[in-house]
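Here are some notes to go with your first look at this one. Have it open beside you and follow along point by point.

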Amino acid sequence: MGLKHKKYVYVKRNDGWYVKVRVLNIRFGKKVEQGDISNPSRYIVTGYKTKTPPLTGVVISQDALPEETRRIIETI
């Protein structure tokens, strides 16, 4: 499961797992995110769960996502 031009991010859950999420029209950089991050329809949860994300992958906190997306991530 490779990453493609920052279109995928890994979300760190509170239990230590990471979930792969596809983001639409949002690019997470090192310190700046470009786009509307509060719109839950811009996040597609792929269902891929891992303990160790790739070294080049962008990891964001679960708290940075909208509430609807957080609920979906917690069920995986």
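1. Let's start with a small lookup: which residue in strand 6 is the bridge partner of Y10? The residue to click on is V59. Bear in mind throughout that this is a predicted model.

2. That bridge belongs to a strand pair worth tracing. Strand 1, residues 8-12, pairs with strand 6 in the parallel sense, and three bridges hold the pairing. Another bridge to look up is the one between V11 and I60, with I60 being the strand 6 partner.

3. Now step back for the overall layout. The protein has six strands and one helix, and along the sequence they come in the pattern β-β-β-β-β-β-α. In other words, the helix closes the pattern after the run of strands.

4. Four of the strands make an open sheet, in the order 5-2-1-6 and with mixed pairing. Which strands stand at the edges of the sheet? Strand 5 and strand 6 (59-61) do: each has a single partner strand, so one side of each has no neighbour in the sheet. From one strand to the next, the twist averages 35°.

5. The helix goes with this sheet. Helix 1, residues 67-75, packs on the sheet and touches strand 1, strand 2 (18-23) and strand 5. If you compare directions, helix 1 and strand 5 make an angle of about 25°.

6. On its other pairing, strand 1 runs antiparallel to strand 2, with five bridges joining the two. One bridge to check is Y8 with R22, where R22 is the strand 2 partner. The hairpin of these strands has five residues between them, and G16 there takes a positive phi near 100°.

7. Please spend a moment on K12, which is found in strand 1. Is K12 buried, exposed or partly exposed? Its relative accessible area is 40%, so K12 counts as partly exposed. Leaving out residues up to four places away in sequence, K12 touches W17, Y18, V59, I60, S61 and Q62. Take S61 from that list: K12 and S61 are 49 residues apart in sequence, yet their C-alpha atoms are 5.3 Å apart in space.

8. Y43 makes a good companion case, this time in strand 5 (residues 43-50). Why does Y43 count as buried? Because its relative accessibility is 7%, and the cut-off for buried is under 20%. Y43 also has a distance to check against L65: the two are 22 residues apart in sequence and 8.8 Å apart in space, C-alpha to C-alpha.

9. A word on the rings. How many aromatic pairs does a search of the whole structure find? Zero. There are charges over rings, though: the charged end of K20 sits over the ring of Y8, 4.5 Å from its centre. K49 lies over the face of W17, and there the distance to the ring centre is 4.7 Å.

10. Last, some totals to keep in your notes. Of the 76 residues, 28% count as buried. The protein exposes about 4,900 Å², with carbon and sulfur atoms supplying 49% of that area. As for contacts with a separation of 6 or more, 52% are between residues 24 or more positions apart.

Definitions and conventions: Residues are numbered from 1 along each chain as its sequence is written. This is a predicted model: local features need pLDDT of at least 70, side-chain atom pairs count only at pLDDT 80 or more; totals for chains, interfaces and linings use all residues. Side-chain values use heavy atoms; hydrogens and water are left out. Rings of Phe, Tyr and Trp (its six-membered ring) pair if their centres lie within 6.5 Å; planes under 30 degrees apart count as stacked, over 60 as edge-to-face and the rest as tilted. A charge sits over a ring if NZ of Lys or CZ of Arg is within 6 Å of the ring centre and within 35 degrees of the ring normal. Buried means under 20% relative accessible area, exposed over 50%, partly exposed in between (1.4 Å probe, protein chains only). Contact means heavy atoms within 4.5 Å. Accessible areas come from the Shrake-Rupley method with a 1.4 Å probe; for residues, only the protein chains shown count as cover. Two strands pair if DSSP finds at least two bridges between them. Axes are lines fitted to C-alpha atoms, for helices over the stretch in contact, and angles run from 0 to 180 degrees between N-to-C directions.
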